[in-house]
Amino acid sequence: MKSLSNYKPKFLPTISTLTLHSLLHIHHQPHPNTPTQSNLPNTHLNEFTAACYNRDLPTAMKALNFMQKTQIWADSVTYSELIKCCLARGAVREGKLVHKHVFSSGYQPKTFLVNTLINMYVKFNLLDDAWKLFDEMPERNVVSWTTMIAAFANAGMRDEALGFLACSGLGILRQIHCIITKVGLDSDVFVRSALIDKYSKWGEVSNALTVFNEMETRDLIVWNSVIGAFAQNSDGDEALELFKRMKRCGFLADQATLTSVLRACTGLALLELGRQVHVHVLKYHRDLILSNALLDMYCKCGSMEDARFEFTRMVNKDVISWSTMIIGLAQNGFSHEAIDMFEEMTSSGTRPNYITIVGVLFACSHAGFVDKGQSYFQSMEKVYGIKPGREHYGCMVDLLGRAGKLNEAVELIHNMEPEPDVVTWRTLLGACRIHRNMDLAAYAAKRVLDLDPDDAGTYILLSNIYVNTHRWEDAEQVRKIMKGNNVRKEPGCSWIEVDKQIHAFVLRDNSHPDIDEITRRLIQYVQRLREVGYVPDTSFVLHDVEGEQMEDPLLYHSEKLAIVYGLMALTKGKTIRIRKNLRICGDCHLFAKLLAQMEGRNIVIRDPIRYHHFQGGFNASLLVNGLMVDHIEQTGVMIENQQKALTDLSKKVEGIICFSD
DNA sequence: CTAGGGTTAG
């Protein structure tokens with residue numbers, strides 16, 4: 001038997017090297033020496049039974065000791081109660097004693113009881129023990145299998161940091177799947193939903209869907225598994241599609257369903273749909289996970305008013321509720337409030353975790369709180385016992401970089417304990433662009449491309465930096481390399497929700513039914529803005545390096561089209577909310593800011609990293625020159641995948657969903 | 001009455 005709980009990749013057992021033949025056999029012969037349970041009245045047994053059902057662990061263990069000596073056994077259900085009690089208290093030692101007892105003197109516990117023990121070891125993360133029990137049990141049933149599938153598949157996931165492990169973990173899952181089919185357990189709902197869930201945790205959504213589609217009977221949980229699979233793998237469309245199917249089949253959504261539906265809305269920035277789901281969430285208002293998902297939905301849809309309201313209304317808050325708010329505030333540009341929230345959280349006695357600190361540092365980097373950020377960063381390990389990870393370093397690189405302390409940023413990268421990755425170097429590259437540091441930019445870009453040679457954003461960023469510093473030949477060179485490597489840039493795409501429909505706008509795509517009117521108005525708006533001093537920021541013109549030069553490529557950036565469409569189609573006074581697949585460019589940022597003021601409309605644009613709030617009507621005077629340097633963002637950083645943009649596009653005029661249950 | 005579903009970052 002190989003070790004699973006201390007496994008190193010090369011020791012990770014594969015099913016075939018283990019006892020494949022024993023797995024394939026389900027034995028049926030009874031155990032030769034199986035004493036029967038005592039029917040005689042016994043004080044210890046009575047005491048034991050009572051203690052188990054009362055969850056009185058010490059008394060139960062004392063009684064168990066006597067039963068052991070007098071060779072008396074209780075019935076399986078009583079033991080399972082005791083094991084539940086051990087699980088709840090994390091009592092590993094006691095659990096092991098129970099295990100020993102039920103196997104002592106040749107007593108052969110029923111399959112039911114062995115399953116309970118296996119599950120106990122799985123939950124204690126003692127996979128060796130779980131595996132040994134499973135391997136040696138004379139008869140396995142569906143429950144034994146379901147338990148082990150979950151155990152194996154989760155085991156491979158514990159060390160995601162080592163990328164190559166991903167293969168072996170997934171490989172094990174595939175082998176288990178194979179064996180399950182051979183043994184004929186694949187018609188079981190439990191086994192299937194475990195498989196679906198495990199495949200989806202490995203990102204193998206299509207396998208999950210296949211397993212699901214092959215099922216003839218489905219219950220609510222298996223629907224939830226598959227909806228959750230897509231929601232968690234950022235395919236909100238498919239999740240909502242499945243949700244509609246589920247409702248057509250007559251199932252009613254429960255907490256888990258709603259959580260996944262909310263997560264789908266979150267991913268797609270569907271605020272209006274999210275609000276409808278909210279109505280159904282009300283009856284589960286005590287459900288913490290669901291409330292957290294609701295909070296996140298409002299944050300990610302850019303409606304901090306709703307998020308704040310829900311947050312103050314929540315009676316129970318955990319680390320995730322607080323972290324969600326901190327990150328939400330930080331991403332939406334409310335950096336001070338995010339930090340206040342963090343202070344409030346710690347003084348209320350909630351311990352921050354890894355992710356909370358990411359949010360705090362993110363807030364600092366956005367607001368330029370260099371000292372504050374550094375002090376949180378330096379104290380996180382001492383005060384909260386959290387070792388800085390890649391994400392924390394990333395925030396610090398951004399913080400120092402934006403503040404112009406590029407050398408310190410580089411030094412930090414060179415000395416950081418986790419290996420810097422693409423994101424780290426790309427962050428540095430972004431900072432180089434802001435401060436026009438050519439040499440460092442070239443260095444950072446090289447590191448990015450070493451790690452990810454297909455990163456179109458980096459080529460574009462690099463060529464833009466060369467253009468900005470008038471190094472035309474170098475810019476040309478980068479374009480050539482990019483072309484040579486056949487790297488294509490993802491087309492910019494923006495989405496806006498109007499009347500429960502999503503409208504998508506893609507650069508150079510004219511398929512929207514109102515595109516002529518939109519373009520006409522866009523030109524008008526640009527004209528009017530120019531009259532009050534708007535000057536398009538041409539440093540972004542060369543983004544579309546491989547296309548033909550249009551007369552004015554900036555004019556047609558997808559978010560501009562979406563904003564204008566929002567002005568046309570949404571009722572006056574309604575906030576225009578847009579989601580983008582790429583980072584917003586400086587020119588569009590300026591355009592949105594000025595237009596929001598001129599038209600007196602609030603505009604919120606969500607890009608893959610941040611949310612940009614533009615207030616309308618506050619300030620009628622336009623401060624064009626000041627704005628040029630304000631908050632310059634860079635397009636071209638590719639976060640979401642290209643396929644998705646195109647799929648979404650094809651669905652742009654399709655109705656979304658109706659709630660009618 | 002032992003097994004399967006939902007929340008924060010990247």
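How far does a backbone N or O atom of phenylalanine 112 lie from a base oxygen of DNA strand B, and what is that distance in Å? In this predicted model, the gap comes out at 3.0 Å.

That contact is part of a broader surface around the DNA. Some 43 residues surround strand B, and Ser193, Asn224, Asp254, Arg263 and Asn292 come nearest. By class, the residues of this surface split into 17 polar, 14 nonpolar and 12 charged. Helix α10 (residues 189–201) supplies the largest share of it, with 6 residues. Looking from the DNA side, sugar or phosphate accounts for 44% of the strand B atoms within 4 Å of the protein, and bases make up the rest.

Here are three of the polar contacts to strand B, one each to a base, a sugar or linking oxygen, and a phosphate:

| Protein atom | Oxygen of DNA strand B | Distance |
|---|---|---|
| Phenylalanine 112, backbone N or O | base | 3.0 Å |
| Threonine 116, polar side-chain atom | sugar or linking | 3.4 Å |
| Arginine 263, side-chain N or O | phosphate | 2.3 Å |

Arginine 263 turns up twice, then: its side chain makes the phosphate contact, and the residue is also listed among those nearest the strand.

Now for a spot inside the protein. Histidine 177 sits in helix α9 (residues 165–183). Is this residue buried or exposed? Its relative accessible area is 17%, under the 20% cut-off, so histidine 177 counts as buried. Leaving aside residues up to four places away in sequence, histidine 177 touches Leu195, Tyr199 and Val211. With tyrosine 199 there's also a side-chain to side-chain polar contact, at 2.8 Å.

How values were computed: Residues numbered from 1 in each chain as written. Chains lettered and ligands numbered in written order. Predicted model: local features only at pLDDT ≥ 70, side-chain atom pairs only at ≥ 80, totals over all residues. Heavy atoms only, no water. Near = heavy atom within 4 Å. Polar contact = N/O pair within 3.5 Å; in protein donor to acceptor, adjacent residues only side chain to side chain. Helix = DSSP H or I, 4+ residues; strand = E, 2+ residues; numbered from the N terminus. Nonpolar A, V, L, I, M, F, W, Y, C, P; charged D, E, K, R; others polar. Buried < 20%, exposed > 50% of the residue type's maximum accessible area, 1.4 Å probe, protein only. Contact = heavy atoms within 4.5 Å.
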